[in-house]
Amino acid sequence: MTPAMRLVMAHVWVAIAAFAVGSLMAVMQALSRAGVELPFRSAELYYLSVTAHGVLLALVFTTFFIMAIGYLVSETALGRIRGTVYAWTGFWVALTGTLMTTAAILSGTSTVLYTFYPPLLAHPTFYLGATMLVIGSWLWCAVMIYSYRDWRRVHPGERVPLPMHGIMTTAIIWILATSGLAFEVLVLILPWATGLVEKIDPIQARTYFWWFGHPLTYFWLLPAYVLWYTLIPKVVGGRLFSDALTRVVFVQFILFSTPVGFHHQFTDPGISGGWKLLHTFTTYAIMFPSLVTAFSVIASLEGAGRARGGTGRFGWIGKLPWRDPFFASVALAMVTFAMGGFGGAINAAYAMNAMVHNTAWIQGHFHLTVGTAVTLTFMGFTYYMLPRMTGRAIAWPRVAMVQPYLWFGGMMLFSIPNHIAGLLGMPRRIYTGDFQGVEAAQAWIPFTNLSAIGGVVLFVSAMCYVGTVLATVLTSPEGERETIEYAEALATQPAAPLWDRFGFWTAVAVVMIAIAYARPLYHLHTMAWYGSRGFSPF
Amino acid sequence: MAVHIDRYERYWMWASTGILVLFLAAIVLTAAVGSAHPPSHVETIDPEQVGVHGEFASPGVSTADGRVIVSLRAEMYVFRPEVIRVPAGTPVTFRITSPDVLHGFQIVGTNVNLTVAPGYVSEATATFPRPGEYLIVCNEYCGLAHHLMQGKLIIEAPR
């Protein structure tokens, strides 16, 4: 194994371990909401496991897997990873932080959910560990930027390879996102959690959290887009539809990912409606690059399907390699993302949001987006990457072939009922949907039951994935390594150099963030606010 | 700047832009004409005084200028008052705050859905056309008995 591959695989293992633990907690939660009396079931354990599930899947699994994709792309598309020492330092810092936060959660002293809204107060270790996870990921960002600049020095005037363009975009979005989180945790929460400061303002903290929380979703999504754009056309035997337009899409994400956070705070007091409306506009703007992605990627697939002999309006669809787990994962991820995207347009709707805010609809929504569009893409990518990294063929090809379909089916069963239950008023994140037998809650029962079945199917799929990966590295003999090849573009006209100017676009993004946040934050900090002591009701 | 764009993709991009503009136009129009805004009341209050004096120390229903005002306290793990009675067909303004952590205030089956934060007063106004009964739930995690936090809203026929 080359040093670069060792680095990639170290991150992949942490991601998969977090995924396995988080999945086990997930199935218990789905069953609990349906009122299934599992052994050791208790409200304490339920909320503890919701916290652990959120942290381990939404933060640890995603971040480590994304760092792995970044190193892989840097190595294969640029032919270099510069600053390997920093990369490994980042890995160990992030892993230590993950273990600290996980220990804090499992000890029962930090049941604050992964959003940790003050004045809920966790053990300081919880915040310190999360901080270290983020610092580790910053070192990853530094290594990505350093590697890119090193490549740029030798290739002045050339277009950066498209996969690395996407990874640079991801790293920039992450830096913009985590600057809000860093302020929340380092300036507001840690002094308060350690007793240096007595009080904290919950709305200020929430505002910084959602400065981070929405670009976080694009930090998850963009590496998946990189795989959709740059690998999948090659896997299905086609070409990327347009290299130049893809760069434009990525740049739009740099610009619009962050100044949108108030669409998570529509129901909050203390922020006036005008600012919420402004964030509504930017939120709808960020849907545009995803709509373009839908066209470009599907056009690439259509080209490949026709090259494989597909005819007629839809004949090309059947010619695509539906038995290839990577392709199947991505295709199903895209279908799911289309559903999640339209749901997202409803969440982002200024006034209509009140119908769905904090209801079960929301957990239905993000299990379609991060829980499937991103996660299923990453799982499918594992089947593609693992043989190419280790030289070992996938050990259980039939299990790998079925697993994405199981995930998709399980997610439909889980997610659609959650959307409906949410519209019927069922809140999210509740130990039981029973509400002491009150009549209005009776309507939710069929949907919590269905979503529990979905949860079980998802768990089976998750275990198929983890089992196949383990069987591959433990039992499959080491053979020839195939190389990772990126798709060539159909249109050969190169993009203007402007779309590779990351520094410039980052500066524009910073200005947009300032416009969206400076005035409302100034107001939140300077008006007469009282603050709150910490509470740990767990 | 120029990027070559395929003809069909151009059509698609115009259609996408059209859809997004349409969505935004619907939002702006309903906000401007129908006053469809999210709850965005800006008013602060000392959370440690909430239960001691002022309207939230004795929460309940009051009337002012033909409007019905409901002052509420959301606290672990109960809404005070637990049962609210208001007349049908009259605008009802809910004013609510918390002495402890964040809570949610969601009247199931309506579009009244508020985040309740200590230090702030949240406000929403709604009119309930017909007599009936609604479940109120807390939809923001507030501790281990979060799922037990509920209230009742009874809409009475106007006298």
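In this predicted model, α1(A) and α3(A) are roughly parallel to each other, because their axes cross at roughly 15 degrees and an angle under 35 degrees counts as roughly parallel. The helix α1 of chain A covers residues 3–33, and its axis comes within 10 Å of the axis of α3(A). The crossing of this pair, α1(A) with α3(A), is left-handed.

From α3(A) the path leads on to α4(A), and here the geometry can be described in the same terms. Two packed helices are described by the angle between their axes and the distance between the axes. For α3(A) and α4(A) the angle is about 160 degrees, and the axes lie 7 Å apart. That angle makes α3(A) roughly antiparallel to α4(A), since the class of roughly antiparallel pairs begins over 145 degrees. When the residues in the contact of α3(A) with α4(A) are sorted by class, 15 are nonpolar and nine are polar, while no charged residues take part. The crossing of α3(A) and α4(A) is left-handed.

The loop that lies between α3 (84–106) and α4 (124–154) of chain A holds P119(A), and it also holds F116(A). The peptide bond leading from P118(A) into P119(A) is cis, with an omega near 5 degrees. F116(A), for its part, has a phi near 35 degrees, which is a positive value in a residue other than glycine. Is F116(A) buried or exposed? Its relative accessibility is 6%, so F116(A) counts as buried, the limit for that class being under 20%.

Further along chain A, R388(A) is part of helix α12, which spans residues 360–390. R388(A) has a relative accessible area of 17% and is therefore buried. What does the side chain of R388(A) meet with its polar atoms? One polar atom of this side chain lies 2.8 Å from the backbone oxygen of Y384(A), and the side chain of R388(A) also makes a polar contact, at 3.3 Å, with the side chain of E482(A). Another residue of chain A with a positive phi is Q436(A), where the angle is about 50 degrees although the residue is not a glycine; Q436(A) sits in the loop between α13 (397–423) and α14 (439–442).

Chain B brings the discussion to strands. Strands of a sheet pair through backbone hydrogen bonds, either parallel or antiparallel. A convenient place to begin is strand β2 of chain B, residues 67–75, which is mostly covered, with seven of its nine residues buried. Strand β1 of chain B, residues 60–64, pairs with β2(B) in the antiparallel sense over five bridges, and within this pairing G60(B) has S71(B) as its bridge partner. The hairpin of β1(B) and β2(B) has two residues between the strands, and in it D65(B) takes a positive phi near 50 degrees.

β2(B) also pairs with strand β5 of chain B, residues 91–97, this time in the parallel sense and over six bridges; in this pairing V68(B) is matched with V92(B). With β3(B), in turn, β2(B) is joined by three bridges and runs antiparallel, A74(B) standing opposite F79(B). β2(B) and β3(B) form a hairpin that has two residues between them. The loop between β3 (78–80) and β4 (83–87) of chain B is the place of P81(B), and the peptide bond from R80(B) to P81(B) is cis, with omega near 0 degrees.

Beyond that loop, β4 of chain B belongs to an open sheet of five strands, ordered β4-β10-β9-β6-β7, in which the pairing is mixed. Its edge strands are β4 and β7 (113–116), each of which pairs on one side only. Neighbouring strands of this sheet are turned against each other by 20 degrees on average, direction ignored. Starting from the β4(B) edge, five bridges join β4(B) to β10 (residues 150–156) in a parallel arrangement, with I154(B) as the bridge partner of R85(B). β9(B) and β10(B) pair in the antiparallel sense over six bridges, and Y134(B) has its bridge partner in L153(B). β6 (residues 103–107) and β9 (residues 132–137) of chain B are likewise antiparallel, pairing over two bridges, and there Q106(B) is partnered by V137(B).

Note on methods:
Residues are numbered from 1 along each chain as its sequence is written. Chains are lettered from A and ligands numbered from 1 in the order in which they are written. This is a predicted model: local features need pLDDT of at least 70, side-chain atom pairs count only at pLDDT 80 or more; totals for chains, interfaces and linings use all residues. Side-chain values use heavy atoms; hydrogens and water are left out. Helices (H or I, at least four residues) and strands (E, at least two) are DSSP runs, numbered from the N terminus. Buried means under 20% relative accessible area, exposed over 50%, partly exposed in between (1.4 Å probe, protein chains only). Two strands pair if DSSP finds at least two bridges between them. Axes are lines fitted to C-alpha atoms, for helices over the stretch in contact, and angles run from 0 to 180 degrees between N-to-C directions. Angles under 35 degrees count as roughly parallel, over 145 as roughly antiparallel, 65 to 115 as roughly perpendicular and the rest as oblique. A crossing is left-handed if the near helix is turned anticlockwise from the far one by less than a right angle, and right-handed if clockwise. Ala, Val, Leu, Ile, Met, Phe, Trp, Tyr, Cys and Pro count as nonpolar, Asp, Glu, Lys and Arg as charged, and the others, Gly among them, as polar. A polar contact is a pair of N or O atoms within 3.5 Å; within protein, one must be able to donate a hydrogen and the other to accept it, and residues adjacent in sequence count only if both atoms are side-chain atoms.
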